[in-house]
Amino acid sequence: MAIENKDLEPNPKPRTVAEMGCGECATICKLSGEHLGQNSPCIKLLELGFTPGQLVTIIAKSPFQDPVAVCVRGTVIALRKQEAECIQV
Amino acid sequence: MYSSVKDSASCHDRSDSVVVPNDLPVITLVGQPNSGKTTLFNLLTGSNFKTANYAGSTVEFSVGKFDAKFDFNALIIDSPGVTSIHPQSPDEETTIDALFHHPVYKLPDLIIVTADSSQLSRQLYLVHQLIESGFNVIIALTMNDLLEKKGFEISAAKAEELLKCPVVKINGRKGAGLSDLIARCRQQYEMVMFENAKGKIKRPSPPTEESVITLYAFTESIEKQVLLPKEKPIDIKTVNKKIFNVRSHDADEYSVKLDKLFLHPFWGLVFFIVSMSAIFTSIFWLAQPIMDGISEGFGLLSSWTSALLPPSWLSDLVAQGIIAGIGMVATFLPQIVILFLFLGILEDTGYLARGAMLIDKPLSKIGLNGRSFVPMLSGFACAIPAIMAARTISNRRERLLTIFIIPLMSCSARLPVYALLLALVVPPDKPWIAGLSLGAIYLTSLTIGAIAAGIISKLAGKKGNSAFMLELPAYRKPVVRYILKGTYYKSILYIQKAGGTIVFCSLFIWALTYFPNTEPAISTEITNNLTREEVFKLIEFERTNTSYAASIGHMTEPFLEPLGWDWRVGVSLISAFVAREVFVSAMALSLRISENGDDLQASMLESMRVATIANSDKPLFTTASTIGLIIFFMIAMQCISTLAISRKETGSWKIPIIQQSVYSIAAYIAALAAVNGLRALGIQ
Ligand SMILES: Nc1nc2c(ncn2[C@@H]2O[C@H](COP(=O)(O)OP(=O)(O)O)[C@@H](O)[C@H]2O)c(=O)[nH]1
Ligand SMILES: [Mg+2]
């Protein structure tokens with residue numbers, strides 16, 4: 001269950017939102033929750049607005065680096081590392 | 001997806017099958033969390049509504065009528081926030097289910113969707129789902145002031161044309177745009193009635209990746225068409241498309257700046273710990289003088305009543321049963337009000353969500369969730385609203401675990417018990433020791449809760465996914481009026497839910513300790529050389545010793561003896577099951593304390609100090625047995641209302657029964673260990 005934005009150039013070195021630094025900005029290229037199997041949060045993430053092609057910004061990381069506060073479509077949403085790892089940029 | 005989501009095939013037209021309580025038009029407010037629903041609801045209803053909300057969440061519905069000044073006779077229902085019509089948590093499920101089949105009201109004639117215009121593409125997602133489902137939708141665009149700060153403006157006319165439904169801009173803070181909104185509601189309602197357009201409402205099928213992406217592509221295209229740069233009315237095409245998109249999707253600038261501090265890896269945590277401890281301790285410091293005053297006042301009232309009325313069972317009932325019972329409800333109200341007030345401020349400023357984010361990682365280690373934080377904090381006021389607030393946790397396992405450990409949080413009903421018992425063991429000239437011990441009790445109960453959660457989640461194994469996706473709303477200045485109003489309604493609700501039970505139980509216990517031997521015979525030989533006062537005491541003592549309560553208490557004695565407690569403690573523990581704070585009044589009643597104008601606690605302390613174990617001269621409340629009692633109270637789940645609410649919220653008797661038995665046994669063992677440990681150390 002990978003959701004790709006076909007209009008975008010394939011990212012030379014794909015990363016996930018969880019690996020982005022504080023204040024960093026990137027474009028979502030793909031959502032993939034295969035490693036979580038049945039419990040993939042992809043649909044929920046999509047419904048929240050994390051669709052491929054959207055710009056995401058890391059607003060803050062909590063003291064334990066998990067959860068991270070991500071800005072998408074003008075809203076700041078806190079995501080656990082596990083969910084953040086499903087969003088590839 | 002939530003397991004019990006109703007199958008869309010089972011949803012059909014219900015507009016003709018619902019019994020409508022009255023013929024008024026029904027308008028439901030729907031919207032994403034923090035989009036301004038409750039604010040709009042308050043504006044539309046004035047103070048003309050009934051609410052059933054609990055702290056930390058809008059779980060129940062508030063129903064009201066339009067304020068008379070709008071001259072529109074209709075019902076309006078507020079609902080909890082949802083991000084999508086496809087529910088992901090029990091909280092969202094309640095809302096969505098109620099939209100399609102409201103348990104009390106008919107299918108809504110109109111839906112007002114509040115949409116935060118500073119994040120339009122996300123908000124229109126829900127709007128579009130509602131339109132697609134066949135509802136008659138009116139869009140109320142909120143937060144236009146925030147959007148203007150970003151340098152944009154919305155063309156409501158354009159949006160109306162594109163979405164084919166009425167769009168009204170409002171300002172929740174200033175109350176602007178309301179008359180326009182009402183006019184559109186009225187117009188739309190008349191149209192609906194005329195066309196009889198109901199009955200085509202259908203629950204949509206579950207989303208697929210493609211459908212979500214397609215829908216978002218649609219809302220984005222609408223967003224691009226209706227957003228206009230503020231001040232410079234230039235053609236949208238001349239604005240660099242990329243920059244436009246980026247800027248309208250920026251987070252609130254001011255909030256981002258504040259988050260640099262509040263979500264700072266170090267200072268954010270420091271601020272969190274300091275502010276939570278400050279709030280927590282101030283709940284007690286602020287409430288204490290008020291509570292003392294109330295308790296003194298009721299003590300006085302009670303002794304006046306006994307003095308005024310002729311001595312009979314009736315005067316005893318009024319003074320010791322009714323007045324003392326009401327006094328008890330009133331005494332711990334200040335704490336509850338202060339807690340609701342602080343929770344209201346935290347929620348309204350937007351900090352509560354940040355707190356949940358900061359605390360998520362440590363809580364996830366013991367199988368909980370950042371969202372467990374609010375229910376747990378509320379648990380320090382009362383387990384009932386706290387257990388209900390756990391509905392916001394979408395993962396079932398985490399939710400059940402939160403509910404499971406909430407009774408371990410030291411609710412305010414336990415405070416009078418701790419205060420009394422600590423006063424017994426702490427030297428009167430060193431009151432600060434009592435303060436410290438109280439702090440230690442709270443920390444210990446939190447630790448016990450954490451350990452219990454850790455053990456249970458280990459035992460249960462890791463099942464199901466645990467997601468934490470929480471919107472962090474923009475920081476806002478709280479509106480004092482709304483916070484006060486919210487606090488007022490929550491406190492009223494609390495009195496309604498708990499007050500009656502407490503007074504009733506206090507009466508029941510009074511009866512147990514007063515009957516059947518109401519006029520005990522005492523031989524004149526004994527009374528001859530006693531003062532009137534002493535005779536009264538003797539009669540009371542005799543009456544209690546031969547009461548129903550005494551017989552019940554004697555049955556529990558074999559269990560209590562190893563702890564150094566006697567039947568009177570047994571009676572009080574049994575009565576405390578109905579509400580913990582009843583322990584204090586039950587203890588007072590079973591010791592038959594007559595109040596001579598002093599406040600309750602002072603006269604109780606005196607009698608408890610001199611109380612001896614029946615038929616012996618060993619003191620009843622020794623340091624060891626009192627500490628044992630405190631420990632028992634920390635762990636035991638002695639509250640019938642908590643049991644009932646736990647049954648309701650978990651959907652079966654399984655969890656409440658496990659809670660009840662595990663906590664009772666653990667409390668007994670811990671108290672036994674403590675008492676015997678202290679005795680072994682030479683502390684009696
Ligand atoms: N700046 C601004 N703030 C608003 C507006 N409407 C509501 N708010 C604030 O937004 C916050 C969330 O509103 P609330 O009604 O509780 O949202 P709900 O979660 O949808 O019920 C509150 O602090 C309100 O005072 C508005 O039009 N402009
Ligand atoms: Mg609300």
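This passage describes the contact between chains A and B, a sheet that both chains build, and one serine of chain B. The model is predicted.

The interface was examined for its extent. In chain B, 47 residues are in contact with 37 residues of chain A. Between them the two chains bury about 3,500 Å². Carbon and sulfur atoms carry 61% of that area. On the side of chain B, the residues that lose the most area to chain A are Glu209(B), Met357(B) and Met469(B). Together these residues account for 19% of what that side buries.

Polar links also cross the interface. Four salt bridges are found between chain B and chain A. The side chains of Glu220(B) and Arg73(A) meet in a salt bridge, with an N to O distance of 2.7 Å. Polar contacts across the interface number 16 residue pairs, both residues being at pLDDT 80 or more. Several elements of chain B give two or more residues to the side that touches chain A: α3 (120–132), α7 (209–226), α9 (253–262), α13 and β10. The largest share comes from α13(B), with six residues.

The sheet contains strands of both chains. It is open and has five strands, in the order β2(A)-β4(A)-β5(A)-β6(A)-β10(B). Pairing is antiparallel. The edges are formed by β2 (25–27) of chain A and β10 (469–472) of chain B, each of which pairs on one side only. From one strand to the next, the twist averages 35°. Within chain A, strand β4 (residues 55–61) and strand β5 (residues 68–72) run antiparallel and are joined by five bridges. Ile58(A) has Val70(A), in β5(A), as its bridge partner. Helix α13 (residues 351–365) of chain B packs on this sheet. The helix touches β4, β5 and β6 (75–79) of chain A, as well as β10 of chain B. Its direction makes about 140° with that of β10(B).

A further site in chain B is Ser378(B). This residue is found in helix α14 (residues 373–379). Ser378(B) has a relative accessible area of 1%. The cut-off for a buried residue is under 20%, so Ser378(B) counts as buried. A polar atom of the Ser378(B) side chain lies 2.8 Å from the backbone oxygen of Val374(B).

Key:
Residues numbered from 1 in each chain as written. Chains lettered and ligands numbered in written order. Predicted model: local features only at pLDDT ≥ 70, side-chain atom pairs only at ≥ 80, totals over all residues. Heavy atoms only, no water. Helix = DSSP H or I, 4+ residues; strand = E, 2+ residues; numbered from the N terminus. Buried < 20%, exposed > 50% of the residue type's maximum accessible area, 1.4 Å probe, protein only. Polar contact = N/O pair within 3.5 Å; in protein donor to acceptor, adjacent residues only side chain to side chain. Pairing = 2+ DSSP bridges. Axes fitted to C-alpha atoms, helices over the stretch in contact; angles between N-to-C directions. Contact = heavy atoms within 4.5 Å. Buried area = accessible area lost by both parts, 1.4 Å probe.
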